[in-house]
Amino acid sequence: MARAIWKGAISFGLVHIPVALVSATSSQGVDFDWLDKRSMDPVGYKRVNKVTGKEVTKENIVKGVQYQKGQYVLLSEEEIRSAHPKSTQTIDIFSFVDSDKIPLQNIDTPYFLAPDKRGGKVYALLRETLIKTNKVALAHVVLHTRQHLAALMPLESALVLVMLRWPAEVRELDILELGDEVIKPTLVKGELEMAKRLVQDMSADWEPQEYRDSFEDKIMELVEKKAKEGRLEAVETDPGEEQRKSADVIDLTELLKRSLGGKGKAPEKPAGKTAAKPAKTSKSAPAKKATKASRG
């Protein structure tokens, strides 16, 4: 399996399903780095005072949010850190909605979810339940100190976590100011028939292997050609990796019963046995309206 970028658990009532998050997409394109042609050293960006044009050192930079034109409120690093949501390592499901009710413009980035630590049975149960009910699960999840709204949905034999844009980030269609000729068009029947025939003539199967970025192909052909000619320059890099914690499996049947009948009650410990301690469920606070965030 591809390297997991995050490990945690799906919080489903009192049930926790251990999962590993794997990126469902890869950034292709061509990555052009800036290099100093005299030494082949990487070239970075300077922090420059826009008024004086002089470079500003890191210790003299503070972060501020514009409150009114020309007026800023300054925030310390500690204040900014305290505003970040606490990472709970859970995909906290708070609702189930019909699968066709999520607007297209709210959909952002998809991730694959794989079962982790013997959580396959519970994982399959949630997937099959979503399929049978034609529902998707809405959830909150914190990745890299940022809280996301997400939709958990089945895809063939797997589960996919789709990051959603917050409603405050999505514009309404009325910004297009569409006229009556678009909203209530008067179309000739012959025009519609010809358009339908054109669509039918151009219809084809989805063949992803045939769809390629021609710019990237041409650039990489040129790179390969120059590399084979020995026209290479050495630039040192030092990549790093992070490891994440994961959650444990808990008894499924008992927690499903508790979730349905006595929400919030912990399972009793059976006599003579040591019961697995359930992970705490997290109830995320309602999302506040998005405001402009400073970028550092």
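**Exercises on strand β1 and Leu155**

β1 and strand β2 (residues 15-23) pair in the antiparallel sense over seven bridges. Strands are DSSP runs of E with at least two residues, numbered from the N terminus, and two of them pair if DSSP finds at least two bridges between them. The model is predicted: local features need pLDDT of at least 70, side-chain atom pairs count only at pLDDT 80 or more, and totals for chains, interfaces and linings use all residues. Residues are numbered from 1 along each chain as its sequence is written, and side-chain values use heavy atoms, with hydrogens and water left out.

**Exercise 1.** Describe the surroundings of strand β1 (residues 6-12).

*Solution.*
- Step 1: Take the β2 side, where Lys7 stands opposite Ala20.
- Step 2: Follow the link from β1 to β2, a hairpin with two residues between the strands. Gly13 in this turn has a positive phi of about 65°.
- Step 3: Turn to strand β5 (residues 90-98), which runs parallel to β1 and is joined to it by three bridges. Here Ile10 stands opposite Ile91.
- Step 4: Check the cover: six of the seven residues of β1 are buried, that is, under 20% relative accessible area with a 1.4 Å probe, protein chains only.

**Exercise 2.** Find which residues Leu155 is in contact with, leaving aside its neighbours within four places in sequence.

*Solution.*
- Step 1: Locate Leu155 in strand β8 (residues 146-155).
- Step 2: List its contacts (heavy atoms within 4.5 Å): Phe112 and Val160.
- Step 3: Compare sequence and space for Phe112: it is 43 residues from Leu155 in sequence and 9.1 Å away, C-alpha to C-alpha.

Note on methods. Buried means under 20% relative accessible area, exposed over 50%, partly exposed in between (1.4 Å probe, protein chains only). Helices (H or I, at least four residues) and strands (E, at least two) are DSSP runs, numbered from the N terminus.
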